[in-house]
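Below are some notes on the model, set out as numbered points. They cover strand pairing, helix packing and two backbone outliers.

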Amino acid sequence: MTLEIPHEPHSAFHAGEQAAQERVGVRSTLAHWGEKAIRPFFLEQHQSFFCQLPFVVASARDQEGLPWLTLLADSMGFIHSPDNTHLYLATHPIKGDALEKAFTKGAEVGLVGIELSTRRRNRTNGRIEAHDEDGITFIVSQSYGNCPQYISERDWRYVDVDESQTSVTHHQSLTARMKDWISSADTLFLASGHPDKSDPTSGVVNKGMDASHRGGAPGFVTILNDNKLVIPDYSGNNFFNTLGNLLLDPSIGLLFIDFENGSLLQLTGRAGIDWESEEIQKHPGALRLLTITIDKIVQLDGVLPLRWYLPEGIKGGLRVSNKTVESNEVTSFELVSSLGEKLPTFRAGQHLPIQLSLADKTPLLERSYSLSNSPRNDHYRISVKRESRGLGSSHLHETIQVGNIIQAKKPNGDFLLKFPTRPVVLISAGIGVTPLMSMLYEALSFNSTPSVHFFYGARNGEHAPLLTEIRNLQEKHNKVNLSVFFSQPNEHDRLNQDYDKQGRITAHAIQQQLTNLDADFYLCGPTSFLNELISGLETLGATKEQIHYEHF
Ligand SMILES: NC(=O)C1=CN([C@@H]2O[C@H](COP(=O)(O)OP(=O)(O)OC[C@H]3O[C@@H](n4cnc5c(N)ncnc54)[C@H](OP(=O)(O)O)[C@@H]3O)[C@@H](O)[C@H]2O)C=CC1
């Protein structure tokens, strides 16, 4: 396929990904972010993440070149990482698996590691460097983290596989059981790939297979007929790995997991992308649709040594005890136990997974919002920006009132404040202030914190959530230094009173305020903001260990 736009051949993204990014207007922002976020090696945290997983989902092509996915599971510790470019997986697909013979030397493979109990996930693409009787050696081309959005939390346990209860069957179209399975699924995985095989010696690393996770409310996949499905595409990290591949090669693999029974449903077929038809409106929250024509199916029943179950949420749910308008678009909700019990503790920077019931009989909507209050409070607080097409944020703003009960799970996330032994520098843009607000409280609760510098960016005084609260803390604690940047101040915003500087926060402006850069930097805000600030701070000499951020 020839693409209409010229593409940058040395980008972390290939021509298809760049074309998809161009189509939605994020290509230039992503170009620099890709270089930072996508690495040709594993960070230590990603190495240890993969090594403690009981399973990974892997994509590859079969002997006919068709993409499929499988789930590779074995006893704890079956994955180990001898160095920061390799994973050894001491397992093989089972007999009859669509990818039974795929993991041979040179095969392109995509892996997604996903810890359903904490909703952490990391992705990597690469190829099989070697295989032996016991397992396969994977060498990485690209490694990157993914946010917890749309992941349904599940706990898991090992079981003994009862061979007499397993079966493998091959099909050309969906059976009634498969339709039930798909129509209740809240999780699926997609396999797609660049049509050219990477030449391992060429240094071009972005052309292999991808494995990606898709999640939504149960029933988010629509079955059109025995061979056609529609999958909504929600807002994500804008990398467009899957859609970018599909622009060049429409072949696609799908994997559904029967979590209760340890069964897999493997599908392969072709995908069409609907970028803008009116049909998209019929799928709440969808930005695009993928229409899948299924060509082949493999069903593997009872084969997995794992079973998953939904974790218990916070008993009785959370009662809204306060609702406060913080700015034009942001409202805070204070939440307490509906049973009057003590809430599970949280750490500054973590988020609260909540479930919203939009209407009777519709599936629950799962969302996570950063907690914006002090971890020492006996309540939780989330501060939610209303997004124009956001179902969760609109429901919270319009419908949820004081006294209502919201179902929630325990707070989680690993964007955390380190125990402060040097100055803490908090840098926020827009609603990115929420986890940093909580970090401000936590930093002030430690005597060891030498000082806190808060660089606060917002459009103007009408779009400046939690700023008054930060000012109040500044008045009480002489450790706090605050610099407010308004990018587009309006006529009643007063320079040196309501804000300190006109324009966006830059690394240069931060350097001007700080006497030295021996500090821990915590950043939260839009992608381009993270991009520019991380590069800027590194140029000024801050090390990667000093810079902490989360990409939501
Ligand atoms: N836990 C997490 O990881 C969380 C992450 N977030 C992320 O934070 C983001 C906040 O978005 P939102 O409030 O909509 O942001 P906005 O688009 O409303 O922008 C907010 C402010 O940031 C400025 N800004 C934008 N780009 C840059 C840049 N490159 N450098 C410096 N300043 C910049 C804007 O300036 P201008 O007016 O010039 O555009 C504006 O002043 C979201 O993308 C969300 O994903 C939010 C909450 C929690």
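1. A definition comes first: helix axes are lines fitted to C-alpha atoms over the stretch in contact, and angles run from 0 to 180 degrees between N-to-C directions. The model discussed here is predicted.

2. Helix H1 (residues 15-23) and helix H5 (residues 241-248) have axes that come within 7 Å and cross at roughly 110°. Angles of 65 to 115 degrees count as roughly perpendicular, so H1 is roughly perpendicular to H5. On the H1 side, the contact is made by Gly16, Glu17, Ala19 and Ala20. H5 contributes Asn241, Leu243, Gly244, Asn245, Leu247 and Leu248. The crossing in which H1 passes H5 is right-handed.

3. Phe240 is found in the loop between E13 and H5. Its phi is positive, about 60°, although Phe240 is not a glycine. Is this residue buried or exposed? Phe240 has 26 C-beta neighbours inside 10 Å and therefore counts as buried.

4. Asn496 also deserves a look. Phi of Asn496 is near 70°, again a positive value in a residue other than glycine. Asn496 is placed in the loop between strand E26 (480-486) and strand E27 (501-502). Because Asn496 has 8 C-beta neighbours inside 10 Å, it counts as exposed.

5. Next, the open sheet. Seven strands form it, in the order E2-E1-E5-E6-E7-E4-E3, and the pairing is antiparallel. Strand E2 (67-73) and strand E3 (79-80) stand at the edges; each has a single partner strand, so one side of each is left without a neighbour in the sheet.

6. Within this sheet, strand E6 (residues 120-131) and strand E7 (residues 136-146) run antiparallel and are joined by ten bridges. For checking the register, Arg123 has Tyr144 of E7 as its bridge partner.

7. Helix H3 (residues 44-51) has four names on its buried list: His46, Gln47, Phe49 and Phe50. These residues cover an arc of only 160° around the axis, which puts them on the same side of H3. Glu44, Gln45 and Ser48, on the other side of H3, are exposed. What do the buried residues of H3 pack against? Their partners are E3, strand E4 (86-89), strand E5 (108-115), E6 and E7. The strands E3, E4, E5, E6 and E7 also appear in the order of the open sheet in point 5.

8. Strand E16 (residues 288-301) can be read through its pairings. Strand E9 (residues 167-171) is joined to E16 by five bridges, and the two run antiparallel. Here the bridge partner of Ser167 is Asp301 in E16.

9. Strand E13 (residues 228-233) runs antiparallel to E16 as well, with six bridges between them. Leu229 is matched with Ile292 in E16 as its bridge partner. E13 is also one end of the loop that holds Phe240.

10. Strand E15 (residues 263-274) pairs with E16 in the antiparallel sense over eleven bridges. The bridge partner of Gly269 in E16 is Ile294. As background, strands of a sheet pair through backbone hydrogen bonds, either parallel or antiparallel.

Conventions: Residues numbered from 1 in each chain as written. Predicted model: local features only at pLDDT ≥ 70, side-chain atom pairs only at ≥ 80, totals over all residues. Pairing = 2+ DSSP bridges. Buried ≥ 20, exposed ≤ 12 C-beta atoms within 10 Å, placed from the backbone. Arc of directions from axis to C-beta. Contact = placed C-beta atoms within 7 Å. Parallel < 35°, antiparallel > 145°, perpendicular 65-115°, else oblique. Left-handed = near helix turned anticlockwise from the far one by under 90°.
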